[in-house]
Amino acid sequence: MNKKLCFVLIGGVAFCIDIGVFSILFSLYGINIYIARIIAFIVAVCVTWYGNRCFTFKGRNVLPVGKQISRAFFSATLSLLPNMIVFILLTIIHICLYQLLSLLFWGR
């Protein structure tokens, strides 16, 4: 399979898992929204690393597994900050819109 396509597919699967884990933790188990987001992010990073290791970059695993994981988590951690900032802003916007619409349409 084409490496670019494989990379995109694994990212898409990881994104779906991210959403699924977040939804389960927050909606079903009532875990704090931000804790659930961070846990889902970590799970998605693990899925991305494993998928890319086994499929996209198969045969190029010259580094020890521990070093690969640490590099993957380091780069993912750099993306966690903007990810969380956007998530927090969207959460605030959602809450504000919900309250505004509730006042406009239902008077509560």
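A nonpolar core is a set of buried Ala, Val, Leu, Ile, Met, Phe, Trp, Tyr and Cys residues joined through side-chain atoms within 4.5 Å. Buried means under 20% relative accessible area, exposed means over 50%, and partly exposed lies in between (1.4 Å probe, protein chains only).

The model is predicted: local features need pLDDT of at least 70, side-chain atom pairs count only at pLDDT 80 or more, and totals for chains, interfaces and linings use all residues. Residues are numbered from 1 along each chain as its sequence is written, and side-chain values use heavy atoms, with hydrogens and water left out.

**Exercise 1. The core**

Task: List the residues of the largest nonpolar core and find which element gives the largest share.

Solution:
- Step 1. The largest nonpolar core has 6 residues: Phe 22, Leu 25, Ile 33, Ala 36, Ala 40 and Phe 87.
- Step 2. Two elements, α1 and α2, each give two or more residues to this core. Helices (H or I, at least four residues) and strands (E, at least two) are DSSP runs, numbered from the N terminus.
- Step 3. The largest share comes from α2, with 3 residues.

**Exercise 2. A ring pair in α1**

Task: Classify the pair of Phe 22 and Phe 26 as stacked or edge-to-face.

Solution:
- Step 1. Take the rule. Rings of Phe, Tyr and Trp (its six-membered ring) pair if their centres lie within 6.5 Å; planes under 30 degrees apart count as stacked, over 60 as edge-to-face and the rest as tilted.
- Step 2. The structure holds 6 aromatic pairs. In one of them, Phe 22 and Phe 26 are 5.7 Å apart centre to centre, with 10° between the planes, and the pair is stacked.
- Step 3. Place the rings. Both lie in helix α1 (residues 3–28), 4 residues apart, about one turn of the helix.
- Step 4. Check exposure. Phe 22 is buried, at 15% relative accessible area, whereas Phe 26 is partly exposed, at 36%.

**Exercise 3. A second pair**

Task: Why does the pair of Trp 49 and Tyr 50 count as tilted?

Solution:
- Step 1. The ring centres of Trp 49 and Tyr 50 are 6.4 Å apart and the planes stand at 55°, so the pair is tilted.
- Step 2. Trp 49 is buried, with 19% relative accessibility. Tyr 50 is exposed, with 51%.

**Exercise 4. Around Phe 87**

Task: Which residues form an aromatic cluster with Phe 87, and which charged end sits over its ring?

Solution:
- Step 1. Phe 87 forms one aromatic cluster with Phe 22, Phe 26 and Tyr 34.
- Step 2. The charged end of Arg 37 sits over the ring of Phe 87, 5.7 Å from its centre. The test asks for NZ of Lys or CZ of Arg within 6 Å of the ring centre and within 35 degrees of the ring normal.

**Exercise 5. The largest pocket**

Task: Describe the largest pocket by volume and lining.

Solution:
- Step 1. A pocket, on a 1 Å grid over the protein atoms alone, is an open set of points where a 1.4 Å probe fits, with protein on both sides within 12 Å along at least five of seven lines; lining residues have an atom within 4 Å of a point.
- Step 2. The largest pocket has a volume of about 700 Å³, the space filled by probe spheres set on the points, which are joined across faces, edges and corners.
- Step 3. Of its 26 lining residues, Thr 48, Trp 49, Asn 52, Ala 72 and Ser 75 are the closest to the centre.
- Step 4. Helix α2 gives the most to the lining, with 8 residues.
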